[in-house]
Amino acid sequence: MKKIIDYLKVIMMYFGLIIGYLLIISIFYYFELFSFKVINIITYLYMIIISILCGIKISKVIRKKGYLNGFIVGGSISLLFILITLIMGVFSFSSLVYYLTLILCFMVGGIIGVK
């Protein structure tokens, strides 16, 4: 039960960081400080960074099998994103690559966090 609570804490932290980022980037986009292309690149890099950091966080808490912990958290978050994408009807090959990249980043973060 404690592991599930630890996983949920990391997932909530991940979504909290995403919501905070979306608020900030929306302000930048509203005032046209960056172009749409630049915002997409910044968003992709930000998602990779917080995925790695959340993978590190969960592995520091669990302390073993970092790749598995990263896969569980990354897989559950990506599954949620895939479901939302399917409901919206905009699922494509590039979105699949994006979600697999997130899972891989969580796993890398998990491996780093154990050491």
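**Notebook: a four-helix model**

I read the elements of the protein from the N terminus on as α-α-α-α. I counted four helices and zero strands, where helices (H or I, at least four residues) and strands (E, at least two) are DSSP runs numbered from the N terminus. The radius of gyration is 15 Å, close to the 13 Å that the globule rule gives for 115 residues, so the protein is as compact as a globular protein of that length. The radius is taken over C-alpha atoms, and the rule is 2.2 Å times the number of residues to the power 0.38.

I noted that this is a predicted model, in which local features need pLDDT of at least 70, side-chain atom pairs count only at pLDDT 80 or more, and totals for chains, interfaces and linings use all residues. Residues are numbered from 1 along each chain as its sequence is written, and side-chain values use heavy atoms, with hydrogens and water left out.

**Overall dimensions**

I found that the C-alpha atoms fill a box of roughly 45 × 25 × 20 Å along the principal axes. Of the 115 residues, 34% count as buried (under 20% relative accessible area; exposed is over 50%, partly exposed in between; 1.4 Å probe, protein chains only). I looked up contacts (heavy atoms within 4.5 Å): among those between residues at least 6 apart in sequence, 79% join residues at least 24 apart.

**Surface**

I recorded an exposed area of about 7,500 Å², of which carbon and sulfur atoms supply 79%; the areas come from the Shrake-Rupley method with a 1.4 Å probe, and for residues only the protein chains shown count as cover.

I then located a nonpolar patch of about 880 Å², made by I24, I27, F28, Y30, F31, L33, F34, V38 and I42. Patch residues have over 30% relative accessible area and no salt bridge, and nonpolar side chains (Val, Leu, Ile, Met, Phe, Trp, Tyr) are joined within 5 Å. A salt bridge is a side-chain nitrogen of Lys or Arg within 4 Å of a carboxyl oxygen of Asp or Glu.

Helices α1 (2–30) and α2 (36–62) each supply at least two patch residues; α1 gives the most, with four. I checked Y30, which lies in α1 and is exposed, with a relative accessible area of 65%.

**Helix α3**

I compared the length of α3 (residues 66–88) with expectation: at 1.5 Å a residue its 23 residues should span 33 Å, and its end C-alpha atoms are 33 Å apart, which agrees. The expected span is 1.5 Å times one less than the number of residues.

I listed its buried residues as G66, N69, G70, V73, G74, I77, S78, F81, I82 and T85. Their cover includes α1, α2 and α4 (93–114). An α-helix has 3.6 residues a turn, so residues three or four places apart point the same way. Just after α3, G89 takes a positive phi of about 80 degrees.

Definitions and conventions. Patches are made of residues with over 30% relative accessible area and no salt bridge: like charges are joined within 9 Å, nonpolar side chains (Val, Leu, Ile, Met, Phe, Trp, Tyr) within 5 Å.
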